[in-house]
Amino acid sequence: MMYTNRELLADWQNNVDAVALLTKHSPVRTSKKSRLNELLNTVSTGKILGGASEHKINGRKLLSTHNSTTNAVPAFLECLSSEQLPVFLKAFYPELPQRNDYRQACAIVESNIKQLPTKRSKCPREAKDLFVPTSKSDLLRSDKLLLLDCWRAINYATVNQFAGAPLVKTAGVKTAGRGVYLSWDIINSMLKYPQRATRNKIYNALQLLQIAGFIRLAQDSELTPVGLKLATVQKNGVTVRKNNVFILNDFDQSDPKLIIDNLRLDLTTRVSKAIIEKILGRENAKSYFPSIKSGVDEATIDRFQQAVKGKGLNPISTLSDAVNSMKSDLGISGEQARLYIDQLCQYKPLHLAKLKKTDAVAWGYDLTGFENIHSSQKLLVVER
């Protein structure tokens, strides 16, 4: 997106007087703000960036140019690097307190943002395969763009909280600045392209980013008292555990291959606990994914592994028969059975896929025994 003051803000230290005019505000209105989005909701962000109109939806400020609409924080950080943010806030909003590890947080985020994968970047091939569409006709284009936007949004959420106590204990510089509280609404408010997202897709993107190690759930021993307080909530006098405090990792220390080698990118389907255990091991799944309990289980995965052996180009069954069989065997609803099959197809080592009869014919599958099903009916097959 193009903002007319982008160059001015990027070089603000040589344009202090001009930027001071743009950021002129009432300290009384801003002094109690603890988050960047709260500050940008209070001041004239459109005027500061230039060339952007402001409008609010459900109390959240959005900025629009002639061709796009975005949240205020990513728009602001598109013009001003994260690394400059602590000094910028001190210079023009001196009434705002900053948490003691805020500089480290901004430095980590700046490093991650600079490594955002593009077609021409030098990042690992697996990262490009995960985040970068091959072309505008890439069938996974929308999911890849949203996954990349969620990764950027998690980084922005880390620098969004500029005041308050750290959430994660600081062991030297190992965890300084890396604690971040994440939920659907927080990530959604940090997206550069919020119109692409749904609640389910954001949570599924968060899960995939955990699997690949871009972020990980903070353990109780790593949390500060404030972090521990955020990790629990009182409901009707009962303490309920929440799993929303994460540790942000460096982009180059993550492992996109864990997704690329094991999962088909599908943000409409949550990965099951059993599949995560197969990818990361049981102990890691238990420690870092404690809230995931349901989904297709290991016994069902093993049963389908046996079913695909030696099938070649012979379909395993119709999709409706597989759903009915799973309903009967597991005592679950049809909706759950369809979800389980989607999860089985998501797990690459099974080589399981759903195909319409017409597509199966086009791909050369032997439909002996399935000739009489309707042309639009789907079959479960071993992927070619």
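Trainee: Leaving aside neighbours within four places in sequence, which residues is F131 in contact with?

Mentor: Keep in mind that we're looking at a predicted model. Skip anything within four places of F131 in sequence. What's left in contact with F131 is P117, K144, L145, L147, L148, W151, L209, F214 and F251.

Trainee: Which residues touch the most other members of the largest nonpolar core?

Mentor: That core holds 100 residues. F131 is on the list, and so is W151, one of the residues F131 contacts. The full set is F76, L85, F131 and W151.

Trainee: And which helix gives this core its largest share?

Mentor: Look at residues 141-160. Ten residues of the core come from that stretch. The helix is α10.

Trainee: How many residues are in the other core, the one with L367 and I373?

Mentor: That one lies apart from the largest core. Besides L367 and I373, its members include L379 and V381. The count is nine.

Trainee: Zooming out, what percentage of the contacts with a separation of 6 or more is between residues 24 or more positions apart?

Mentor: The chain has 20 helices and eleven strands, and buried residues make up 50% of its 384 residues. For the contacts, leave out pairs with a separation below 6, then take those 24 or more positions apart. Their share is 67%.

Trainee: How far apart are the centres of the positive and negative side chains?

Mentor: The two sets have 54 positive and 36 negative members. For scale, the C-alpha atoms fill a box of roughly 80 × 50 × 40 Å along the principal axes. The distance between the two centres is 4 Å.

Definitions and conventions. Residues are numbered from 1 along each chain as its sequence is written. This is a predicted model: local features need pLDDT of at least 70, side-chain atom pairs count only at pLDDT 80 or more; totals for chains, interfaces and linings use all residues. Side-chain values use heavy atoms; hydrogens and water are left out. Helices (H or I, at least four residues) and strands (E, at least two) are DSSP runs, numbered from the N terminus. Buried means under 20% relative accessible area, exposed over 50%, partly exposed in between (1.4 Å probe, protein chains only). Contact means heavy atoms within 4.5 Å. Lys and Arg count as positive and Asp and Glu as negative; His and the chain ends are not counted. The place of a charge is taken as NZ of Lys, CZ of Arg, CG of Asp or CD of Glu. A nonpolar core is a set of buried Ala, Val, Leu, Ile, Met, Phe, Trp, Tyr and Cys residues joined through side-chain atoms within 4.5 Å.
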